[in-house]
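Reader: I should like a close look at a single part of this model, with its surroundings described in a connected account. Please take one strand and work outwards from there.

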Amino acid sequence: MFRASRAVAVLAMIVLFAVPGCTALQQIATLRTVAFAFAGVSDVRVAGIRVGAGSSFGALSIAEAARLGAAVATKQVPLELVAHVSATNPAANSVAARMVGLGWTLFIEDRQALSGELASAVTITPGQSVDVPLTVRLNLLELTSGGARDLFDMALAVAGQGAVQKDMRLELVPTIETSLGPIRYPFPVTVRRATAAR
């Protein structure tokens with residue numbers, strides 16, 4: 001009787017731990033099949049001046065030109081933008097992917113520009129895509145030198161406007177929440193912005 005009770009208890013423990021483990025494996029497998037893509041940039045500003053479709057150095061107002069010139073003089077030319085990552089959980093997956101962390105490193109023309117972390121958790125249900133916005137702020141002089149026009153043209157290229165675009169890529173290291181705790185990708189996922197032929 002004692003051996004039978006002990007066997008039942010052992011079996012119950014195996015089941016207790018096996019179920020969360022199985023769920024965790026499902027969650028890990030789900031994250032492995034989540035597709036990431038560089039979905040573009042938005043809200044680009046240089047020295048507080050908005051850069052977008054139709055922008056050009058010649059179209060700057062006197063106040064904007066003065067602001068940009070002052071930033072160049074102080075060697076602090078802030079470039080701000082939002083880089084967008086699209087994360088898609090295939091419909092074939094049976095569980096949602098809850099991403100609780102996303103380490104990222106931004107490269108512009110193969111030069112590391114900035115690193116950061118995801119600000120808040122993201123849940124991706126099967127068959128859905130979510131936009132993951134990453135806030136970027138850096139000194140444009142870390143990427144290039146020159147006068148106000150050169151720097152504005154660089155910001156235009158980063159924004160994907162004009163005849164020239166700058167190659168941009170993100171190296172992503174997601175962390176998924178599982179029933180066994182958060183698990184971080186062992187290697188980065190690289191996504192690149194598609195650029196027009198030069």
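The account below takes up strand β8 and then its surroundings.

Reader: Is strand β8 (residues 168-178) enclosed by the rest of the structure or open to its surroundings, and with which strands does β8 pair?

Author: The model is a predicted one, and the description that follows should be read in that light. The chain has 3 helices and 10 strands, arranged along the sequence in the pattern α-β-β-α-β-β-β-β-β-α-β-β-β. Of its 198 residues, 39% are buried. Among contacts with a separation of 6 or more, 76% join residues 24 or more positions apart.

Strand β8 spans residues 168-178, and 9 of its 11 residues are buried, so the strand is largely enclosed by the rest of the structure. For burial the cut-off is a relative accessible area under 20%.

The pairing of β8 can be taken partner by partner. With strand β4 (residues 97-108), β8 pairs in the antiparallel sense over 9 bridges. One point on this border is Met168 of β8, which is the bridge partner of Ile108. Strand β10 (residues 189-192) is also antiparallel to β8, and 4 bridges join them; here Leu170 stands opposite Val191 of β10. Strand β9 (residues 181-184) likewise pairs with β8 in the antiparallel sense, over 4 bridges. β8 and β9 form a hairpin with 2 residues between them, and Pro182 in β9 is the bridge partner of Glu177.

Side chains supply further detail. Arg169 lies over the face of Phe107, at 3.9 Å from the ring centre. Leu170, the residue opposite Val191, is among those with the most contacts inside the largest nonpolar core, together with Phe36, Val46, Leu79 and Leu140. That core has 50 residues, and helix α3 (residues 148-159) gives the most to it, with 7 residues. As a general matter, nonpolar side chains in soluble globular proteins tend to be buried together.

Two of these core residues may be followed further. Leaving aside residues up to four places away in sequence, Phe36 touches Leu172 and Pro174, and its other contacts include Val85, Met99, Val189 and Val191. Leu172 and Pro174 fall within the span of β8, residues 168-178, while Val189 and Val191 fall within that of β10, residues 189-192.

Leu140 lies in the loop between β7 (128-139) and α3. At 0% relative accessibility, Leu140 counts as buried. Apart from neighbours within four places in sequence, Leu140 is in contact with Val46, Val77, Leu79, Leu151, Met154 and Ala155. Val46 and Leu79 are also among the residues with the most contacts inside the core. The C-alpha atoms of Leu140 and Met154 are separated by 8.3 Å, with their positions 14 residues apart along the chain taken as the separation.

Finally, the aromatic rings deserve mention. There are 2 aromatic pairs by the rule applied. In one of them, the rings of Tyr185 and Phe187 have their centres 5.8 Å apart and their planes at 55°, so the pair is tilted. Tyr185 is buried, with a relative accessible area of 12%, whereas Phe187 is partly exposed at 45%. For the chain as a whole, the accessible surface comes to about 10800 Å², of which 58% belongs to carbon and sulfur atoms.

Key:
Residues numbered from 1 in each chain as written. Predicted model: local features only at pLDDT ≥ 70, side-chain atom pairs only at ≥ 80, totals over all residues. Heavy atoms only, no water. Buried < 20%, exposed > 50% of the residue type's maximum accessible area, 1.4 Å probe, protein only. Pairing = 2+ DSSP bridges. Core = buried A, V, L, I, M, F, W, Y, C linked by side-chain atoms within 4.5 Å. Contact = heavy atoms within 4.5 Å. Phe/Tyr/Trp six-rings, centres within 6.5 Å; stacked < 30°, edge-to-face > 60°. Lys NZ or Arg CZ within 6 Å of the ring centre and 35° of its normal. Areas by Shrake-Rupley, 256 points an atom, 1.4 Å probe, with all protein chains shown as cover.
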